[in-house]
Structures are given as C-alpha cells and as structure tokens.
Amino acid sequence: MVTSSVPRLVIAAPSSGSGKTTVATGLMAAFAARGLAVSPHKVGPDYIDPGYHSLATGRVGRNLDAYLCGPELIGPLFLHGARGCDIAVVEGVMGLYDGAAGEGELASTAHVAKVLRAPVVLVVDASSQSRSVAALVHGFASWDPEVRVGGVILNKVASDRHEELLREALDSAGVPVLGVLRRVAQVDTPSRHLGLVPVAERRAAALDAVAAMAAQVSDGCDLEALLGLARSAGALSCAAWDAAEVVASSPPPPLPVPTLGAAPPDPRFGPEGASSSNAGRAENADRRVRVAVAGGPAFTFSYAEHAELLTAAGAEVVPFDPLRDAQLPDGTRGLVIGGGFPEVYAAELSANEPLRKSVAALAESGAPVAAECAGLLYLCRELDGQPMCGVLDATARMSERLTLGYRDAVAVGDSSLAAAGTRMRGHEFHRTVVEPGSGDAPAWGMRSPRRRVEGFVQQGVHASYLHTHWAAQPGVARRFVERCRTS
C-alpha cells in the first residue's frame, strides 16, 4: 500500500455564511502566489466553489463527497487530485459537523477531515461576540476527539479593541488564532437562486474577486503557521485513484442491451453471464469514439472525473457550448449534458435552433445521451415557455420551491448509462419542475428520502434530475462508451 503525506488543511466553520469560501479560496491563491503547487478540493456535491478554486490555483477543482462516492474513495480521489502538489486546501461544507440528513457524520466536513487525517482550521464569524467566541471554539474543538482543530481564523472583526478581546478569550480555549480578517465590504461574489454565480459566467469579475480574497487572507493570516499546520497532517495509506485502472476493472457492459423486462442483475457485478476478453478491451481502447460534452455558461456543473472516466473507457471527449455552437461536433456518437443554469439562458438556448435540431436528431438516431438536471430541462419540449430540443415529451418551468438533498437510487430498467438494478447515490439541487416527472420508462427509482420514480429512459436517452458521481460506479462510463460504439 502506498503511503502519502501531502500537506493539507481543511477549512471549516460553525455554520454556513461564516466566510469559508473567502478564506479557502484566498488561502489557495495566497499559497499559489508564493510559488506553491496548490491542490483545491471541496467537501460535498457543490459544483460552483471549485470553479473559484480553479481560478485561485490554476488546477482543476475537485469534490470529496463521502455520500456520493463512499468514504473509501475519499483518500484515493484526494491523492489523485493532489498529485505533484506542495499543499492541498479543502473547503468544507455547511457547519463542521453537518452531514447527510439522518446519516450521522457521513459526508460532513468533520468526517472527510478524519478520513484525510487533516487538521481543521475553523473560520468564525466574530461580528456579534467577544468572550463567547471561546465557548464556541471550545465546543467545536472538543465535540469529537478524532477531529483536530488546529487553529481558528476570526472573520468580520470590527477593530483593534475587538480583536484584543477575542484573542484574550481564546487564550483559554487552547486553540491558536491563525488569522484575523477585518469587517470590510463584501468581496464581489454575487449569488442567485442556487448559490454563487459560476466563474464561467463572470470570469473577469471572478478573477478580481479571487485576487481580493487572496489579498485579504495574505494581510490577515499567518501563512507560515498555516503551512506548518498543513505539514502536520497524518500519512494516508492508500493509492491514488486512477481512471484507467478503475475502468479496466469495472464489470464489462452486456451487448446487446437487454429488454426492459429482464430480471434485475446483481448491481455489484453487472448482468449475469456478462464477459469480455482482455484482447477485446485493448481493441476498444484504440477505437476511440467521439463524445460531445456540453459546457459554456449554461452548463457549468460537471465533476472532472467524468471526462477522465470517459477518456479511459475509450472516448474522445469534445466540449461544445450550446449557446454558441450551431451543430454538435462532427462525428459525435454520444452526448453528455450535465447541470447548470439553462433557466437563466432559456431564450438564448431556444434561439439556437440549429443546435436544438442537431441534438434531437442525435437522440432520434438512438445514440447514447446522458442528461442531468440542466440537461434534462434542455431535452424537454420547452422551458419557461421557450422551445427546447423536444427530445422528451415534457415541459419545464421555474418554481419557488427548492428541491435539495442526497438521494439513494436504483436504475429501474436498462439504459445506455446503467443496467437495471444498478444502485447509485446522487444529489438533487434545483428550483425547477418537469411535468410529467417521469416517462413510461423512468430513469431511477428513489429509495430515500421517499420512494418514487423519476426521470426518462427512451432509446439511448437517460435523463434525470439526479446528479451522480461516476467514480462511485465507473462501469457506467464504460457502458456508455460501449453503447456509443454499437448504436
């Protein structure tokens, strides 16, 4: 077993809104400005913060989600992202001990910190307290003896006198103060209905915001002490995740696609009797098929590992922008449309009629199409009254109600993405409604938090609100690419 000691810090807080993103992103940029290779990570399913992390470090922002991927993959995925880096900074999610509802510590920042054997820096909003800060920090530091709170950064401190009172109180808590950030005008990071506006929609302004965060953290934090704390992280005894290795060892996809009425297979091994020779695998690896992946401002939600898995499975991954490109890339044999904000760009997406027709023609041909959330909306007949691709006999509209949470799902039938009975964990996060919510052949049966069916499977199309992380089931990438070859 490989042992690795990448220096690392987890940036956490007592609650959301305390300043984690400002501190984590600013710290990443400040370390990078010192010439360090910084590996950026985000706890949980959030797609937006990693975009800011990427601007700060020049590296791909990656997620660490113990619910979607399982705790056993946190170390390997972390090491995969941190290859060749001098330090890693992990931004937490919500409050330090907040995890998946009803699942104890699972997927909390504390859980991930323990798995990574990483020290925690607690960011505290001190704007409305003085001596009470010691009780708060003491409580968080002592709640779980396995979580090592190595320091605190005080945010929104009003004055020198306020700082003096806070430091005096924290002397008795036994947790060192590693930084003090003064109460200043909020860094320009605008939000809307699902959180921060993604980097792809405001790159120049986002660069300015990241620079402001870096300056604030550099001026107010002890970077040498933080670097020293990062170097105190425990060694990890696991191998880095490798897309080629996990795809090669995943269950081979059955050919041809079984009928929808077939008995559900054991999801651990794929359909009964499926087999493939090593020679066949090598031949497929040399026979790349073109898979178009939607990007641009309207489709910004994607885990980096998805493209890596598709590539490892034999795909040539080609990005395109549905707002600008009039046609799918030449030779497209499969299509992946992830999450994002099509509701913000509904008029522009609708105006690109040539691309909508190109997508509809590809789907009609039976080619594999994997669509998540925003992709689902784009495939509908219309979104907020604007014509979309018309692949699905459904309409979509904005809603006042936020749908948010982890889901435990199982594939209802066979599709280009998953064999019937395949179990996956996912995440829903949207303020839209699709009517009807499922087709004659649903994509998923939700096991929790309540039992229901959701999504659409028709020909090669698999469309659903559910965001999934394919690292948890690398066989789906292999299956998808194989369907691209044979459709």
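**Figure 1. Lysine 114 and glutamate 105 form a salt bridge.** The closest N and O atoms of the two residues are 2.8 Å apart in this predicted model. Glutamate 105 is partly exposed, at 35% relative accessibility. The model is predicted throughout, and the views that follow are taken from the same prediction. Side chains of opposite charge can pair when their charged atoms come close. A search of the whole structure finds 23 salt bridges.

**Figure 2. The protein chain as a whole has 15 helices and 24 strands.** Of its 487 residues, 58% are buried. Among the contacts in the chain with a separation of 6 or more, 76% are between residues 24 or more positions apart.

**Figure 3. Glutamate 353 and lysine 357 meet in a salt bridge within helix 13.** The N to O distance between the two side chains is 3.3 Å. Helix 13 covers residues 353-364, and the two partners are separated by about one helical turn because they are four residues apart in that helix. Glutamate 353 has a relative accessible area of 38% and is partly exposed. Lysine 357 is exposed, with a relative accessible area of 53%.

**Figure 4. A salt bridge joins the side chains of aspartate 408 and arginine 423.** Nitrogen and oxygen are 2.5 Å apart here. Aspartate 408 belongs to strand 18 (residues 395-411) and arginine 423 to strand 19 (residues 423-435), so the pair ties together parts that are 15 residues apart in sequence. Aspartate 408 is buried at 7% relative accessibility, whereas arginine 423 is partly exposed, with a relative accessible area of 38%. Elsewhere, Asp160, Glu163, Arg167 and Arg182 are joined into one network by salt bridges that share partners.

**Figure 5. A cis peptide bond joins glutamate 435 and proline 436.** Omega at this bond is about -5 degrees. Proline 436 sits in the loop between strand 19 and strand 20, the latter spanning 444-448.

**Figure 6. Helix 1 and helix 7 cross at roughly 85 degrees.** The axes of helix 1 (residues 20-33) and helix 7 (residues 203-220) come within 7 Å. The crossing angle makes helix 1 roughly perpendicular to helix 7. Residues of helix 1 in this contact are Thr21, Thr22, Val23, Thr25, Gly26, Leu27, Ala29 and Ala30. On the side of helix 7 they meet Val210, Met213, Ala214, Gln216, Val217 and Ser218. Sorted by class, the contact has eight nonpolar residues, six polar residues and no charged residues.

**Figure 7. Glycine 17 lies in the loop between strand 2 (8-12) and helix 1.** Is this residue buried or exposed? Glycine 17 counts as exposed, at 59% relative accessibility. Apart from its neighbours within four places in sequence, glycine 17 is in contact with Asp125 and Lys156. Glycine 95 is 78 residues from glycine 17 in sequence, with 9.3 Å from C-alpha to C-alpha in space.

**Figure 8. Histidine 467 is buried and makes a polar contact with glutamate 372.** Histidine 467 lies in strand 24, which covers residues 467-468. Its relative accessible area is 2%. The polar contact runs from side chain to side chain, at 3.4 Å. Which residues surround histidine 467, leaving aside its neighbours within four places in sequence? Histidine 467 is in contact with Tyr47, Leu68, Phe301, Gly339, Glu372, Cys373, Arg425, Gly426 and His427.

**Figure 9. Cysteine 373 has a positive phi, near 55 degrees, in a residue other than glycine.** The residue is found in the loop between strand 15 (369-372) and helix 14 (374-379). Cysteine 373 is buried, at 6% relative accessibility. Cysteine 373 is also one of the residues in contact with histidine 467.

**Figure 10. Arginine 117 has a positive phi of about 55 degrees although it is not a glycine.** Arginine 117 is located in the loop between helix 4 (109-116) and strand 6 (120-125).

Definitions and conventions. Residues are numbered from 1 along each chain as its sequence is written. This is a predicted model: local features need pLDDT of at least 70, side-chain atom pairs count only at pLDDT 80 or more; totals for chains, interfaces and linings use all residues. Side-chain values use heavy atoms; hydrogens and water are left out. Axes are lines fitted to C-alpha atoms, for helices over the stretch in contact, and angles run from 0 to 180 degrees between N-to-C directions. Helices (H or I, at least four residues) and strands (E, at least two) are DSSP runs, numbered from the N terminus. Angles under 35 degrees count as roughly parallel, over 145 as roughly antiparallel, 65 to 115 as roughly perpendicular and the rest as oblique. Contact means heavy atoms within 4.5 Å. Ala, Val, Leu, Ile, Met, Phe, Trp, Tyr, Cys and Pro count as nonpolar, Asp, Glu, Lys and Arg as charged, and the others, Gly among them, as polar. Buried means under 20% relative accessible area, exposed over 50%, partly exposed in between (1.4 Å probe, protein chains only). A polar contact is a pair of N or O atoms within 3.5 Å; within protein, one must be able to donate a hydrogen and the other to accept it, and residues adjacent in sequence count only if both atoms are side-chain atoms. A salt bridge is a side-chain nitrogen of Lys or Arg within 4 Å of a carboxyl oxygen of Asp or Glu.
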